[in-house]
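The following note was prepared for a colleague who wishes to review the model before further computational work. The points are numbered for ease of reference.

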Amino acid sequence: MKLTLVPVGWKSKKISVFAAAVAASALLMSGCSGGNDPATDPSSTAGSTQSGGTVQGTAALTIAKPDGAITTQSNNPYLGDSSASTYSYRMVIFEPLALVNPTGALETTPWLAESVEWSDDFTSLTVVPRSGVTWSDGEPFTGDDIVYTFGQYLDGRLTDTSGLNYTGADVDGDKITLNFKDSMFVRQAAVLHTPIVPKHIWEKIEDPGTDPLTGEGQVVGTGPYVLSNWSTESVTLTARDDWWGGALAVPTLNYISYGDNAALTTALVSGDADWAQAFLPQIEASFLAADAEHNKYFVAPTSGAATLFMNLQQPPFNDKAFREAMAYTIDRQAYVDIAREGASEAIWNKTGLSELLASEILPEFASEKYSVDKDKARQILTDAGYSWNGDDELVNPGGDVVSFKLSVPAGWSDWNTEQQLISEEVNDILGVEVKIDQPDWGGWDEARTKGTFDAIIHWLEATNNAYGLYTSTMDTRWIGEDGNAGFNFGRYDNPKVTEALNAYASSSTEEERTTALGVMQTAFVEDIPAIPLGAHPLLGEYNTRNYVGWPDADNPYASGDPTQPTIVQILQKLKPAN
């Protein structure tokens, strides 16, 4: 048996993965043996309760978040602020065409589609609907449901918030080709992860863009679980016994949201909660040590990174020499070890790319790395006309003492710690005072959007390839006509880089993308528009007391984050611990 899983990274030209690959994550773990496949054959699993060849555990899994009580029910998978999206239980009700792994090999696994294949220019996607799938109300799933789902963007029933620019579908037998105005190379996941909904239900909904989907019989999906109870305290879902993906070990999912990280930690330690994604300070002592045998923590690296964005329009960051000196000042390993307590990976390469994207670092930059180097940092500034006064304060060429403000919202404990670390490092090495600013979210958001900040720590656009870093830090498309920014908060502007970004996103060949990548990387190395600190991982806290088969560093078939679409893969693979 041979399986082909193709990463969504820049080198992938086509994705053509067929029906056998729906069990890919299980096969990657167990090997391609001649025995039964646990992803498709329920009789091959082991557990505590057996019924008609189906083995099932008896314990529920409680999935928890630290976001406070959710008081209003909305089961609409397309609304970002719905309870289904906030709790993330929509992921186990409404399924996508395919699943894109944000970690590990960055592979794509067909899901509701038996196969997915992109055209050379990534402007069309051909899929074959999976046979034998039924909606939770018993109706058969067909290609008409796929065409209808995407057609809602054409008739205005849904807002195209992902910028897919979908233009229509062509149907040829059992093959459906979805067409897009532009290349979807950097938006593959956005297309593939679109929740597919039942035409026979949704065509009766007057306004699917706002409907909370709380009516009788409206919450119908192809997913492994169905909604059985909703309250302001918790949401309960029960396993289907007719799910196309096979028998499920976990009979019940409970979703709960606690008031803060401290309450969440207490629940995880006591066993009131089983699975979460959150940054828990002092996690070794607070969670792992409480049950060293069973409590687990998976830090899944992704293509994103925590990044220092600098305002390139005002001093001191409008001077490239100062930015370069900063790059030789910040200790990325301290960010990983102290601010993130090991839950990250330092980024030292001058291209700004993490180890996960090492294949996209061009040969000429492979060995180009920053380090903490006080002498080099000060020499760069000296050569640029800076000096130091009697108090060892940095003075710019115009005679002014240099200082700046670093802003992160209050309560973001890891990045608040990094503020303090950067403040100490910059003061010690450069002689610059860093004023720590911790506003509320609203104040921070306004400053980053309007460009009234000095420096902020922020995340990147997620694309599973190098484009994410470079569009987030150098792309003028993020700057609106009103001057407000969605990314590229420093307001970097280089027409050649903008052209290269557009070429990378729309090119049909690897050669064209490599050429564009060269322009982008060279500009990033030379201009230092931002400073990535460490890979921004997806986190997962869980325990193995009742179930095993979780993803981990040795088998990253998915992240351990229960809010990601790949949660259905994890639930498919879990088995009772006994």
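At which residues does UniProt place the feature "domain: Solute-binding protein family"? The UniProt record, an unreviewed entry, places this feature at residues 108-465. The points below concern a predicted model.

1. The annotated span. For residues 108-465, the C-alpha atoms at the two ends lie 14 Å apart. Helix makes up 25% of this span and strand 22%.

2. An open four-stranded sheet. Four strands are arranged in the order β6-β7-β9-β8, with antiparallel pairing, and the sheet they form is open. Its edge strands are β6 (113-118) and β8 (166-172), each of which pairs on one side only. Direction ignored, neighbouring strands of this sheet are turned by 20 degrees against each other on average.

3. The helix on this sheet. Helix α3 (residues 143-154) packs on the sheet and touches β7, β8 and β9 (175-180). The direction of α3 makes about 160 degrees with that of β8.

4. Register within the sheet. Strand β6 is joined to β7 (residues 124-129) by five bridges in the antiparallel sense, and V116 stands opposite V127 of β7. Four bridges pair β7 with β9, again antiparallel; here L125 faces its opposite residue L178 in β9. Between β8 and β9, which also run antiparallel, there are six bridges, and V171 has I176 in β9 as its bridge partner.

5. The β8-β9 hairpin and the burial of β9. Strands β8 and β9 form a hairpin with two residues between them. In the turn, G173 has a positive phi of about 65 degrees. Strand β9 is mostly covered, with five of its six residues buried.

6. Aromatic pairs between distant parts of the chain. The model contains 32 aromatic pairs. One of them joins W111 and W244 in an edge-to-face arrangement, at 5.2 Å centre to centre and with 75 degrees between the planes. W111 belongs to the loop between β5 (108-110) and β6, while W244 belongs to the loop between β11 (235-239) and β12 (252-257); the two are 133 residues apart. Both W111 and W244 are buried. Another edge-to-face pair consists of Y328 and Y370, with 5.0 Å between centres and 85 degrees between planes. Y328 lies in the loop between α8 (320-327) and α9 (332-339), and Y370 in the loop between α9 and α10 (374-383), 42 residues apart. Y328 and Y370 are likewise both buried.

7. An aromatic cluster, and charges over rings. Ring pairs connect W118, F122, F150, Y153, Y166, F180, F185, Y467 and Y504 into a cluster. R513 lies over the face of F185, 4.0 Å from the ring centre. The charged end of R477 sits over the ring of W478, at 4.2 Å from its centre.

8. Pairing around β15 and β20. Strand β15 (residues 305-310) pairs with β21 (residues 530-535) through five bridges in the antiparallel sense, with L308 opposite I531 of β21. Strand β15 also pairs antiparallel with β20 over four bridges, and F309 stands opposite I456 in β20. In contrast, β18 (residues 403-407) runs parallel to β20 and is joined to it by two bridges; L406 stands opposite A455 of β20.

9. Covered strands. All six of the six residues of β21 are buried. Which residues of β20 (residues 455-458) are buried on each of its faces? In a regular strand, side chains alternate between the two faces of the sheet. In β20, A455 and I457 are buried on one side and I456 and H458 on the other, and both faces are therefore covered.

10. The loop between α9 and α10. S359 is placed in this loop. Is S359 buried, exposed or partly exposed? S359 counts as partly exposed because its relative accessibility is 49%, whereas the exposed class requires over 50%. The C-alpha atoms of S359 and T382 are separated by 36 Å, although these residues are 23 residues apart along the chain.

Note on methods. Residues numbered from 1 in each chain as written. Predicted model: local features only at pLDDT ≥ 70, side-chain atom pairs only at ≥ 80, totals over all residues. Heavy atoms only, no water. Pairing = 2+ DSSP bridges. Axes fitted to C-alpha atoms, helices over the stretch in contact; angles between N-to-C directions. Contact = heavy atoms within 4.5 Å. Buried < 20%, exposed > 50% of the residue type's maximum accessible area, 1.4 Å probe, protein only. UniProt positions renumbered as here; feature names shortened; annotations may be inferred. Phe/Tyr/Trp six-rings, centres within 6.5 Å; stacked < 30°, edge-to-face > 60°. Lys NZ or Arg CZ within 6 Å of the ring centre and 35° of its normal.
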